[in-house]
Amino acid sequence: MLRIAIQSKGRLNEESTAMLKEIGINIDDSKRKYLSKAANFPVEMLYLRDDDIPGVVANGSASLGIVGLNEVAEKGYDVQVVEKLGFGACRISLAIPKAVEYTGVEYFEGKKIATSYPKILKEFLDSKGVSATIEVITGSVEIAPAAGIADAIFDIVSSGSTLVANNLKEVEVVFESEAVLISGGNLSEEEQSILAEIQFRLESARISRGKKYLLMNLPKSALEEAIRILPAMRSPTVLPLADEGWCSLHSVVDNKDLWEKVRQLKEIGAEGILVLNVDKIIL
Ligand code: PRT
Ligand code: ZN
């Protein structure tokens, strides 16, 4: 059994649960218990505030955790990032009132900056040789300049609309974040093999994301050219058809290239093209 700490509610909760489901780990969190076992995989979930996740993983109360890289960096515990998970993307940026002219990072010299991320901010300011007062605020950081609490803020930005709504502008992107899978090390042999299985499944999910399965009928004379258009994982599958001059060709393509490939295949005589979703690719 391996314990994974995830956010109990908030922005990462749903996507963490969805990601685990995508790799075949189903958790019934409807009863909102503190601890919940997966039905079909040897893991249990520990539901916590995101702030507490790096700490419980570092002290071994949970073997793994799913949390924003921003929290990992801010808390500074000794944990390793095992996988980047590709959701919860955001950045932590410095922002100032829209009307104020920005002259560069030295603008912050002697200023007061409100933030929930004092450690990351201090490291950035130190690296730039800037000395400013850091005002730690845990919520609604964006109202600090209008409320006269600070001259600037250092906060999470995603779409940027919170800044706009508060008459602020982003002037320095300091830290790029996304959800990550963390481990504190010191896993037992059993836990290591469960983690290896999780990583294997995550890799399959990553490979299959954005892929489409293509089937088509093709004149045999166009086969060589079709294979050039459709570089497959190993080589495309070619099946005979009752009509001797034709074959059926199957392959996997990136969704982003789909329509361009379809155009090229039609040009060389492909017919009856079927496009199917790919659920999993196991290499
Ligand atoms: O209760 P708990 O402590 O668990 O949750 P929390 O309130 O501390 O965190 P939560 O649920 O808001 O965010 C969890 C994690 O999601 C963060 O640590 C980030 O890693 C990630 N994340 C991704 C974000 C955002 N996007 C985000 N946009 N976290 C917060 N925001 C907030 C931000 O603070 C600001 O108020 O959204 C606002 C900005 O959004 P835009 O789109 O207007 O720019
Ligand atoms: Zn939090």
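Which protein donors does the zinc ion (ligand 2) have? Select the zinc ion in this predicted model, and you will find that its protein donors are D50 (OD) and D51 (OD), which lie 2.0 to 2.1 Å from the ion. The site has 4 donor atoms, and with angles of 76 to 173 degrees among them it is irregular. Now colour the two aspartates by accessibility: D50 is buried, with a relative accessible area of 18%, whereas D51 is partly exposed, with a relative accessible area of 26%. D50 falls in the buried class because its value is under the 20% cut-off.

Next, select strand β11, residues 179-183, in which 5 of 5 residues are buried. In a regular strand the side chains alternate between the two faces of the sheet. Turning β11 about its length, you can follow A179, L181 and S183 on one side and V180 and I182 on the other, and both faces are covered. Keep β11 on display and add its partners: strand β4 (residues 64-68) is joined to β11 by 5 bridges and runs antiparallel to it, while strand β5 (residues 80-84), also antiparallel, is joined to β11 by 4 bridges. V180 is a useful residue to centre on, since V67 has V180 as its bridge partner and K84 stands opposite V180.

Move then to the open sheet of 5 strands, whose order is β8-β7-β9-β6-β10 and whose pairing is mixed. Its edge strands, each paired on one side only, are β8 (133-136) and β10 (168-177). Looking across the sheet, you will see a twist that averages 25 degrees from one strand to the next. Within the sheet, select β6 (residues 90-97) together with β9 (residues 152-157), an antiparallel pair with 5 bridges, where R91 stands opposite V157 of β9. Adding helix α4 (residues 118-128) shows what packs on this sheet: the helix touches β6, β7 (112-115), β8, β9 and β10, and its direction makes about 170 degrees with that of β8.

Finish at helix α8, residues 258-267, where L258, K261, V262 and L265 are buried. Viewed down the axis of α8, the buried residues fall within an arc of 100 degrees, so they line one face of the helix. An α-helix has 3.6 residues a turn, so residues three or four places apart point the same way. W259 and E267, on the other side of α8, are exposed. To see what covers the buried residues of α8, display β12 (211-219), α7 (223-229), β14 (246-254) and β15 (271-277), against which they pack. Just after the helix, select G269, which takes a positive phi of about 105 degrees.

Terms used
Residues numbered from 1 in each chain as written. Chains lettered and ligands numbered in written order. Predicted model: local features only at pLDDT ≥ 70, side-chain atom pairs only at ≥ 80, totals over all residues. Heavy atoms only, no water. Pairing = 2+ DSSP bridges. Helix = DSSP H or I, 4+ residues; strand = E, 2+ residues; numbered from the N terminus. Axes fitted to C-alpha atoms, helices over the stretch in contact; angles between N-to-C directions. Contact = heavy atoms within 4.5 Å. Buried < 20%, exposed > 50% of the residue type's maximum accessible area, 1.4 Å probe, protein only. Arc of directions from axis to C-beta. Donors = N, O, S within 2.8 Å, 3.2 Å for Na, K, Ca; no water. Tetrahedral: all angles 85-135°; square planar, octahedral: opposite > 155°, others 65-115°.
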